[in-house]
Amino acid sequence: MVIRSCRSFSLWSLNVEAVQGTLDELGTPLSEVTFVVFDLETTGGSPAEDAITEIGAVKVRAGEVLGEFSTLVDPGGPIPPFISVLTGITDAMVVAAPRIEAVLPSFLEFIRGSVLVAHNAGFDTRFVKAACAAHGHPAPANPVLDTVDLARRVLTRDETPNAKLATLARFFRSTAEPCHRALQDARATVDVLHGLIERAGSFQVHTLEELKSFVRAPTPEQQRKRHLADSVPHAPGVYLFEDERGEVLYIGKSGNLRNRVRSYFTASETRPRIREMIGIAERVRHIVCATGLEAEVRELRLIGGAKPRYNRRSRFPEKVVWLKLTAEPFPRLSIVRELKDDEATYLGPFTSARLADDARIALHEAVPLRQCTQAIGPRTRRPACVLHEMGRCGAPCEGRQSPQEYAVHVEAARRAMTLDATPVLTAVLARMERLSAEQRYEEASVDRDRLASFVRTAARMQRLSALTRIPQLVAASPAFGGGWDIHVIRYGRLAAAGVMPKGAHPTPFVAALTAAAEVVLPGPGPVHAASAEETECILRWLESPGVRLVEVDGEWSLPAHGAARHKARIDLAYRGLDEARGREGRPLR
């Protein structure tokens, strides 16, 4: 453990003048506030299951560094390889380090009486609180400032594309380069804090109280345009922000349109991208829907059609790709953008060709399908490639495999895509174990990502196709205030929605609703009548508490050995890594 004091002054322009303040200016001047900027390294992202491996902190006041705190921490267990790759901290480095119970009292004393500062502070403070609770210390009551939130308030997208620590450190020309080591990252965050506070000074923010309220204060544009919510009703539906030319800027949905739209003009709306949109918007149009599910589905369809520039998600449902097991004498795996009625087997949708290729490579690890792209027939004769010499292809191009022999591999691939992903999981895990044994961790992590792409997509597709093959399903859920929300779903697409009044007879109501429902025709592939997002939205509603099936035309079931049983294992492996990566900060937009 290293605790040291130092006095290295850095220029900090606060525009503080020694004059008598007014009542409106009461508060603690920022030049008198002691900040402790700290950072943690951990074995994962869950305070309940993971542990701290390093603490770094820098104490500053008025731009002057007063002291530093730095120590490695023995987590009490092995550090996952992917965390060691990310941080550079290995088991050997922490074997002689103190345990957290020995470190915690010194750290709590170091931060006493200060304002805590961290980049994505929620992550670090959760670990500190968990450690305090585990070892009998009261959780620190220090005020907390998050440099991510402050950056989102004072910087524009033109200045920095995101709020990652590395991005902000470059923008403010930090002398310390972030490297996923606690003290170095804390030093970089100090420079970022100084730069952000100097920028906040241009907004007449000079006290700690002003700084804390500034992060959440509504802009003048938000206050000026509150009247745009006046004509919006208290009802479920979809709202559309439009500019003076009628261009749709942003689309959203809510169970209470008036309350949701009004929230855009209050301090609770802090997203810079949305605040920018409000500055352009001149009207809010609304579409009242019968139920919350209808509003959610309409929102997805409207976003996909209008593609508003301020919506980040669901704008391009047509830009998905599929992994196709072709229908030819010697089928192969091909990445395509279109579903065709050609008796081929499809896996997807994938959001990018890279993810589809990852899944294809994972499947090739388990099944020796040919990987060449040329058309091959029973009478084709051409030299085999190196994959045959490696034992990864039976060389049907040389006539070494008949269509019947090759069909065994095709059926294995089809089953892995649609029914049972176990062979792919087993083959890729075996390869990862070999690579890890040889300390080739980077290559093993690539295979991990490929396996995750295959298993997650297969589980998603099997869940979707279970609903999309049903010609008609009618379900109901209790409506607010009595009655029932009734929905008609055809081939995974919402065809009708209505609210049956309390006490009404269900049979004639359901009959009338289904008679007036949209006609939906089946198409090729596993997801054909609606976007995958719409079908997933419907599935979430069907699986929510209180929903009852009224009628099902067909069979609704998942494969007994489907990919869903492996997905939980994959998600658990990624949870710590995803949270560790997310610590650097959310995007500014």
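Let's start with helix α16: select Val424, Leu425, Ala427, Val428, Met432 and Leu435, and you have a set of residues that are buried in it. Keep in mind as you click around that this is a predicted model.

Now show the whole of α16, residues 422-437. How far apart should the ends of this helix be, with 16 residues at 1.5 Å a residue? The expected span is 22 Å, and since the end C-alpha atoms are 22 Å apart, the two agree. A handy thing to know about α-helices in general: with 3.6 residues a turn, residues three or four places apart point the same way. Step just past the helix and you reach Gln439, which has a positive phi, near 60°.

**Next stop: strand β7**

Select residues 237-242, which make up β7. Is this strand mostly covered or mostly open? Mostly covered: six of its six residues are buried. Colour Gly237, Tyr239 and Phe241 in one shade, as they point one way, and give Val238, Leu240 and Glu242 another, as they point the other way.

Now bring in the strands that pair with β7. Select residues 248-254 for β8, which is antiparallel to β7 and joined to it over six bridges. If you click Gly237, look across to Ser254, its bridge partner in β8. The hairpin made by β7 and β8 has five residues between the strands, and Gly246 there has a positive phi near 90°.

Then add β9, residues 283-288. β7 and β9 also run antiparallel, with six bridges between them. Which residue of β9 is opposite Leu240? Pick Arg285 and you have found it.

**Rings to look for**

Stay in β7 for a moment and show the side chains of Tyr239 and Phe241. Both of these residues are buried. Widen the selection to Tyr239, Phe241, Tyr250, Tyr264 and Phe265, and you are looking at one aromatic cluster.

Over the whole structure, a search turns up 11 aromatic pairs. For one of them, select Phe38 and Phe107: the ring centres are 5.8 Å apart and the planes meet at 55°, so this pair counts as tilted. Phe38 is in strand β2 (residues 34-42) and Phe107 in helix α3 (residues 100-111), so to speak a link between distant parts of the chain, 69 residues apart. Both Phe38 and Phe107 are buried. Compare that with Tyr239 and Phe241, an edge-to-face pair with 6.0 Å from centre to centre and 90° between the planes.

Two lysines are worth a click as well. Lys59 lies over the face of Phe110, 4.6 Å from the ring centre. Lys319 lies over the face of Phe316, at 4.4 Å from the ring centre.

**A sheet of four strands**

Show β13, β14, β15 and β16 together. They form an open sheet in the order β15-β14-β13-β16, with antiparallel pairing. Which strands are at the edges? Those are β15 (493-500) and β16 (548-553), and each pairs on one side only. On average, neighbouring strands here are turned by 15° against each other, direction ignored.

Zoom in on β14 (residues 484-490) and β15: seven bridges join them, and they run antiparallel. Select Val488 and Ala496 to see one bridge, with Ala496 as the partner in β15. Helix α12 (residues 292-306) packs on this sheet, touching β14 and β15, and its direction makes about 145° with that of β15. Add residues 506-515 to bring up helix α18, which lies across β13 (472-478), β14, β15 and β16 and runs at about 145° to β15.

**Last stop: a sheet of three strands**

Finish with the open sheet ordered β11-β10-β12, where the pairing is antiparallel. β11 (333-336) and β12 (345-350) are at the edges with a single partner strand each, so one side of each has no neighbour in the sheet. Neighbouring strands in this sheet are turned by 20° against each other on average, direction ignored.

Select β10 (residues 321-325) and β11 to see an antiparallel pair with four bridges. Trp322 is the residue to click here, as it stands opposite Val336 in β11. Finally, show residues 353-366: helix α13 packs on the sheet and touches β10, β11 and β12, its direction making about 170° with that of β11.

Notes
Residues are numbered from 1 along each chain as its sequence is written. This is a predicted model: local features need pLDDT of at least 70, side-chain atom pairs count only at pLDDT 80 or more; totals for chains, interfaces and linings use all residues. Side-chain values use heavy atoms; hydrogens and water are left out. Buried means under 20% relative accessible area, exposed over 50%, partly exposed in between (1.4 Å probe, protein chains only). Helices (H or I, at least four residues) and strands (E, at least two) are DSSP runs, numbered from the N terminus. Two strands pair if DSSP finds at least two bridges between them. The expected span of a helix is 1.5 Å times one less than its number of residues. Axes are lines fitted to C-alpha atoms, for helices over the stretch in contact, and angles run from 0 to 180 degrees between N-to-C directions. Contact means heavy atoms within 4.5 Å. Rings of Phe, Tyr and Trp (its six-membered ring) pair if their centres lie within 6.5 Å; planes under 30 degrees apart count as stacked, over 60 as edge-to-face and the rest as tilted. A charge sits over a ring if NZ of Lys or CZ of Arg is within 6 Å of the ring centre and within 35 degrees of the ring normal.
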